[in-house]
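The following exercises concern a protein interface and a protein–DNA surface. Each task is followed by a solution that proceeds step by step.

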Number of protein chains: 4
Amino acid sequence: MALTTEQRVRRAAVKLFAAKGFHGTGIRDLAQAAKISPASLYHYMGTKEDLLAAIMRECLDRLLLAARQTLDTVDDPAGQLSALVTLHVMAHAAQPAETRVVDNEVGALSRGRRRVVVGLRDEYEAIWAGAIEKGVSAGVFDVPEPAVTRLALLEMCTGVARWYSPRGALSLDGLADRYAQLALRMLGGPPTGGETAAERAREVATRVWRIRP
Amino acid sequence: MALTTEQRVRRAAVKLFAAKGFHGTGIRDLAQAAKISPASLYHYMGTKEDLLAAIMRECLDRLLLAARQTLDTVDDPAGQLSALVTLHVMAHAAQPAETRVVDNEVGALSRGRRRVVVGLRDEYEAIWAGAIEKGVSAGVFDVPEPAVTRLALLEMCTGVARWYSPRGALSLDGLADRYAQLALRMLGGPPTGGETAAERAREVATRVWRIRP
Amino acid sequence: MALTTEQRVRRAAVKLFAAKGFHGTGIRDLAQAAKISPASLYHYMGTKEDLLAAIMRECLDRLLLAARQTLDTVDDPAGQLSALVTLHVMAHAAQPAETRVVDNEVGALSRGRRRVVVGLRDEYEAIWAGAIEKGVSAGVFDVPEPAVTRLALLEMCTGVARWYSPRGALSLDGLADRYAQLALRMLGGPPTGGETAAERAREVATRVWRIRP
Amino acid sequence: MALTTEQRVRRAAVKLFAAKGFHGTGIRDLAQAAKISPASLYHYMGTKEDLLAAIMRECLDRLLLAARQTLDTVDDPAGQLSALVTLHVMAHAAQPAETRVVDNEVGALSRGRRRVVVGLRDEYEAIWAGAIEKGVSAGVFDVPEPAVTRLALLEMCTGVARWYSPRGALSLDGLADRYAQLALRMLGGPPTGGETAAERAREVATRVWRIRP
DNA sequence: CATGAATGAGGGTTCATTCAT
DNA sequence: GATGAATGAACCCTCATTCAT
């Protein structure tokens, strides 16, 4: 099925913002990539910044949605962490451009919009913090500095967007598995556990980010 | 001691490129931050891109230098990894602006310059790859996918530049310790080991990045 | 009775051109004020300039018509002047937007159209000039520089469109009376006279500009 | 003496804003008329609106200054009115472009700036109102509606900017004389009087607007 | 009749850079 | 060594207008 113009614009923006940055991407670049005239762009977006904000908004909304949907059905801390890592890694591997825009271009937003985006990101991190805290309280995790460990984990998983290629040796699922294992090691948790939760996370991820199996 | 104009220019550039990106930083912003006129800037730099390239170059050179100097005196894989993590984390925590420029603005370089920078980065990663490989060969590390683990480790450590604040609870040394421990856990290595090498790395870092203890 | 779309467009244009000027009014402003889409505007007008020209044309045509109809039945110079002032003032007070467009936006017309409009205005001024000349010849008016006085009179009366408000103390008729008196004073004419002609002018004005008494 | 670039810019703006309106004048028109590049314009002005505001500001400031300086030395109402008319007419005849900009482009200013300009204009009109009031109180003027008469007078005098040409039959002084006479007639004042004040006004005008005799 | 989609031209403004002083 | 003046190119965005539906 052919893409609508609006979809072409969105995809061009995601691709270019990820590759050259928001300020490095001109309206003419955008138009060329979307195969319309610069003036026509403005039928499909407000300002360039509106477009950036919409991209970020949707990306974060999906991540939050996925995390909440998944954790609703998982109770044990190791499972929750496995699920969160799985989701995060799959999201960043499947949508590296979108997630890089979210991670790198927050500074290009105006104050008000930045506040919204940072707010969403904080909500999302709070979910991770809660899961880690739970595991520590239950004695499942051995973590001297939960906040540091949370940030280390998140940066590690987010980094996937900067290097993963689907043409490499590892499948999306394999990658997520590997990362879940690394995470549990970092948390000093049991060497296994959380496979069911990870499975559930893979299902949610497949749906939310339309990953073809 | 007062800073020279050249130093003021360099620091302004590092700060602004890190905060707003290369394309988001104008020559006038730079001049204002360095407290000279836009025209005078050009007595202390070539083009804006020259300035960016010089910043990256120096940052990567120092990291490479530090890594080589340290590994020269360390032989065991756990020690080498501890040392690399310590150096990398301290560099990124002590110079978050410089390192973020290196990480985020590679795409703003012209092709030729990008090649040089990517080359340096590859050299640096090769050092990490070597250390991991050595540990795997020696049976000290338990790592199914060395390349994936290397990238996970690097992203985790690099991420420090995006959140660490010296005003927080953790000292630079404490942070580096914690990260070294996380790294060894990820590698499935011995729970301890490498303390001497980390100590050596801290010394080198203190010298190379002029960290006051 | 509801307005036709064409009338809504015309009125929107008059209002906006008067308030923000021809160049300050966009096609989208026009469409919004007329409550149709920008594209639909073009079913009710030619180009934006066509619309401007039509507005000017009609406004000047009515003024000329009113002046001619009135002067046809008045012979004495004082009466003629009183009638002209009455008509001009009532037209400008009752239709300030239209007349301001005529006065201010002549420069926005293309050369050919400007010539037409200026031609109509010249015809109209010639009527004033004739009346003044007649009074001077008859010894009724004491005017050293007829041309200067004519222009002073006209500017004075035209200015009404820039300040008169029907919500103020003066009625349209009262205003016109006052101005007729001022005009006769300026012309050094008899302190009274021309009341009948002014009465006739009020009747014509009421009809031509649909003024409700 | 050659004009500075800043003066060329100012004059080009006055000329073009008067001829084609603020919105009808492009930045490129301005640059061409000032014989510099569009980019260079911005060394001599802030925004286009800043330029407009500065022009209006100066024009109104001078008018106020002239009025105050002149009235300081004149006490009788007929003299004051003669002086005000003389100044106003000479200002508008000598600087038709500037004054037309002030009169026609107030609507192009942003709210805050418009307030300032309207405030100055109100101050100026208050001076006229005071003089008329004084004459009415003293029984020198016969004016049923002082406010209406004031506005009629002002519009009449302002109109000079729309038609007077120094190449015509009337000199500036002659024009001002004629208008002062018309004004006294309108006010029902004495047929003569105020010659000394008018003389004083001509002197001030000559100085303030650098009129060559 | 009505309009979403489309666009070339141009809007005002800022860009990085040069150079005479 | 320092900078005001200058500019071509490009910036984001809006313009008036057309046309297929």
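A salt bridge is counted where a side-chain nitrogen of Lys or Arg lies within 4 Å of a carboxyl oxygen of Asp or Glu. The model used throughout is a predicted one.

**Exercise 1.** Determine which residue of chain A forms a salt bridge with B:Glu155, and how many such bridges cross the interface of chain A and chain B.

*Solution.* Step one applies the cut-off of 4 Å. The side chain of A:Arg162 meets that of B:Glu155 with an N to O distance of 3.0 Å, and the pair therefore satisfies the criterion for a salt bridge. Step two extends the search to the whole interface of chain A and chain B, where the rule finds 4 salt bridges. Step three turns to polar contacts: 8 residue pairs are in polar contact between the two chains, both residues being at pLDDT 80 or more. Step four assigns secondary structure. On the side of chain A that touches chain B, at least two residues come from each of helix H8 (146-158), helix H9 (160-163) and helix H10 (172-186). H10(A) gives the most, with 7 residues.

**Exercise 2.** Describe the extent and composition of the interface between chain A and chain B.

*Solution.* The size of an interface is often given as the accessible area lost when the parts come together. Between them, chain A and chain B bury about 2,300 Å², and carbon and sulfur atoms account for 63% of this area. In chain A, the residues that lose the most area to chain B are A:Glu155, A:Arg178 and A:Arg185, which together make up 25% of what that side buries. In terms of contacts, 27 residues of chain A meet 27 residues of chain B. The side of chain A that touches chain B comprises 13 nonpolar, 7 polar and 7 charged residues.

**Exercise 3.** Identify which side chains place polar atoms by the bases and phosphate of DNA strand E.

*Solution.* Begin with the surroundings: 28 residues surround DNA strand E, and among the closest are A:His43, C:Tyr44 and D:Ile27. These surrounding residues divide into 11 nonpolar, 13 polar and 4 charged. Next, consider the bases. The side chain of C:His43 has an N or O atom 2.8 Å from a base nitrogen of DNA strand E, while a polar side-chain atom of B:Arg28 lies 3.3 Å from a base nitrogen. For the phosphate, an N or O atom in the side chain of B:Tyr42 is 2.8 Å from a phosphate oxygen. Finally, of the strand E atoms within 4 Å of the protein, 51% belong to sugar or phosphate and the rest to bases.

Technical notes. Residues numbered from 1 in each chain as written. Chains lettered and ligands numbered in written order. Predicted model: local features only at pLDDT ≥ 70, side-chain atom pairs only at ≥ 80, totals over all residues. Heavy atoms only, no water. Contact = heavy atoms within 4.5 Å. Buried area = accessible area lost by both parts, 1.4 Å probe. Polar contact = N/O pair within 3.5 Å; in protein donor to acceptor, adjacent residues only side chain to side chain. Helix = DSSP H or I, 4+ residues; strand = E, 2+ residues; numbered from the N terminus. Nonpolar A, V, L, I, M, F, W, Y, C, P; charged D, E, K, R; others polar. Near = heavy atom within 4 Å.
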